[in-house]
Amino acid sequence: MNDGDREEIARLLPAPADQDLPREQHLRHKELLMHRIDQDIAQDTGRETGRERVSGSRPGRRLLRPALLAPATALTLAAALAAGVALNGGARGHSGTSAHRVATDMRPAAALLGRISDAAGERSTPRVRDDQFVYTREKAQGADLTSGKAVLDPLRERESWSAQEPGPLRRLGLVREDGETLPVNAELGDTHGTPAGLSRPTYSWFGTLPTDPDKLLTYLYAHTPFAEGRGRDQAVFEQIGSLLGGMMPPATAAALYQAAAEIPGVTAAPQAHDAIGRRGLGIARDDTRYGVRTEWVFDKEDYSFLGSRSYLIKDRSYGKAGTLLSSEAELEIAVVDKAGERP
């Protein structure tokens, strides 16, 4: 371990005992992106992926935070990256252990996530009734691949209202962007409506999740949909990221961050910032297959979630390393009684 690592760990670890411590990507599957990425990979490895022969039977889109799905920007790269997400069934368990946490808690990322988890567990949040809506206001932008190159859309403000009824529901809420208000409908294939769950998280559903980090991580590894060509660790990391910033019980939020600390490859990202330039404490993981880094950003003072971003870490046909793919900044979250009502 070098001196820089020691200094980073010392900064992130809890203070001595005599001191006190103090949406998202709208996820709609776009075959265009995965086709282009696989073309790049085929060129790199000299083998044909066969994705060109895919026709007519696209997997259903993933809707991890449905209230933040904006139809007006459905072609953004953020959607495609998060939902590359060809569902092909099956699940593989994860055997997280307390011993594993002890073994990793000296890593800067684990130390930082421990601080974030402690703060989340102490934060008070309102209880949300099943007949209410979670209101979210954010600023977001994503890259459009229609031209074959990553062209960043303008930064837009988006409001959303997510229904909290357990369902299944055919109308999941509303989204308002560029002065237009549109309904968010049930996921494709859910002819009887979409129930509360990973693809439509509600406050009550969050309350049913295990609050033991090991059990929660096991649940996530078992229930996160498989993505063709996507490693399980990356898929679970992105699944957790899709839930951040949502309205959930403090114990659930604390467990999510502790669970994230156990995922291999998670690192600290000191230069992280959100869509409006707020710099904070970052947590990141690299998807080495697709050459994309995903970062979560947290406030330096109270460890609250600020937003996220993703960008290329390898040159691709549609962009150079460093090209921004998506960026979000959470501005407000509240509980309201009606869809369309502002807090």
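Mentor: Let's start with strands: two of them pair if DSSP finds at least two bridges between them. Strands (E, at least two residues) and helices (H or I, at least four) are DSSP runs, numbered from the N terminus. This is a predicted model, where local features need pLDDT of at least 70 and side-chain atom pairs count only at pLDDT 80 or more, while totals for chains, interfaces and linings use all residues. Residues are numbered from 1 along each chain as its sequence is written, and side-chain values use heavy atoms, with hydrogens and water left out.

Trainee: What pLDDT does the chain average?

Mentor: pLDDT is the predictor's confidence in each residue, from 0 to 100. Here the chain averages 78, and 69% of the residues score at least 70. Residues 1-39 fall below 50, yet that stretch has 107 contacts beyond near neighbours in sequence (contact means heavy atoms within 4.5 Å). Residues 41-104 are also below 50, with 177 such contacts in the model. Where pLDDT is low, the predicted coordinates should not be read in detail.

Trainee: Back to the strands, then. How many bridges join S9 to S10?

Mentor: Five, and strand S9 (residues 305-312) runs antiparallel to S10. As a landmark, look for Arg309, which stands opposite Ser327 in S10. Strand S10 (residues 324-336) also pairs with S1, again in the antiparallel sense, over 10 bridges.

Trainee: Which strand does S1 join through eight bridges?

Mentor: That's S3; S1 (residues 133-144) and S3 run antiparallel. Tyr135 is a handy residue to click on: it stands opposite Ala334 in S10, and Tyr135 also stands opposite Trp161 in S3. Carry on from S3 and you reach S4 (residues 171-177), paired with S3 in the antiparallel sense over five bridges. There, Ser162 stands opposite Gly173 in S4.

Trainee: Is S3 mostly covered or mostly open, and how many of its residues are buried?

Mentor: Buried means under 20% relative accessible area, exposed over 50%, and partly exposed in between (1.4 Å probe, protein chains only). S3 (residues 156-163) is mostly covered, with six of its eight residues buried.

Trainee: Which residues touch the most other members of the largest nonpolar core?

Mentor: A nonpolar core is a set of buried Ala, Val, Leu, Ile, Met, Phe, Trp, Tyr and Cys residues joined through side-chain atoms within 4.5 Å. The largest one has 36 residues, and the best-connected members are Leu113, Ile240, Tyr257, Ile263, Ile283, Trp296 and Phe298. Several elements supply at least two residues each, including helices H5 (108-122) and H9 (250-261) and strands S7 (281-287) and S8 (292-298). Another core, of 11 residues, lies apart from that one; Tyr135, Ala163, Leu172 and Val175 are among its members. So Tyr135, our landmark in the strands, turns up again here.

Trainee: How do the axes of H5 and H9 cross?

Mentor: Axes are lines fitted to C-alpha atoms, for helices over the stretch in contact, and angles run from 0 to 180 degrees between N-to-C directions. The axes of H5 and H9 come within 7 Å and cross at roughly 175 degrees. That makes H5 and H9 roughly antiparallel (angles over 145 degrees; under 35 is roughly parallel, 65 to 115 roughly perpendicular, the rest oblique). Contacting residues include Leu113, Ile116 and Ser117 of H5 and Ala253, Ala254 and Tyr257 of H9. Leaving aside residues up to four places away in sequence, Tyr257 also touches Leu244, Phe298 and Phe305.

Trainee: At what angle do H7 and H8 pack?

Mentor: About 110 degrees, with axes 10 Å apart, and H7 and H8 are therefore roughly perpendicular. Leu217, Leu220 and Tyr221 in H7 meet residues of H8, among them Val236 and Ile240.

Trainee: Where does Pro249 lie?

Mentor: In the loop between H8 and H9. Pro249 is buried, with a relative accessible area of 15%. Beyond residues up to four places away in sequence, Pro249 touches Thr125, Tyr203, Phe206 and Gly207.

Trainee: Last one: which peptide bond is cis?

Mentor: Most residues other than glycine have a negative phi, and most peptide bonds are trans. The bond from Gly167 to Pro168 is cis, with omega near 5 degrees, and Pro168 lies in the loop between S3 and S4. Asp178 is not a glycine but has a positive phi of about 55 degrees; Asp178 is exposed, at 55% relative accessible area. Tyr303 has a positive phi too, about 65 degrees, but Tyr303 is buried at 8%.
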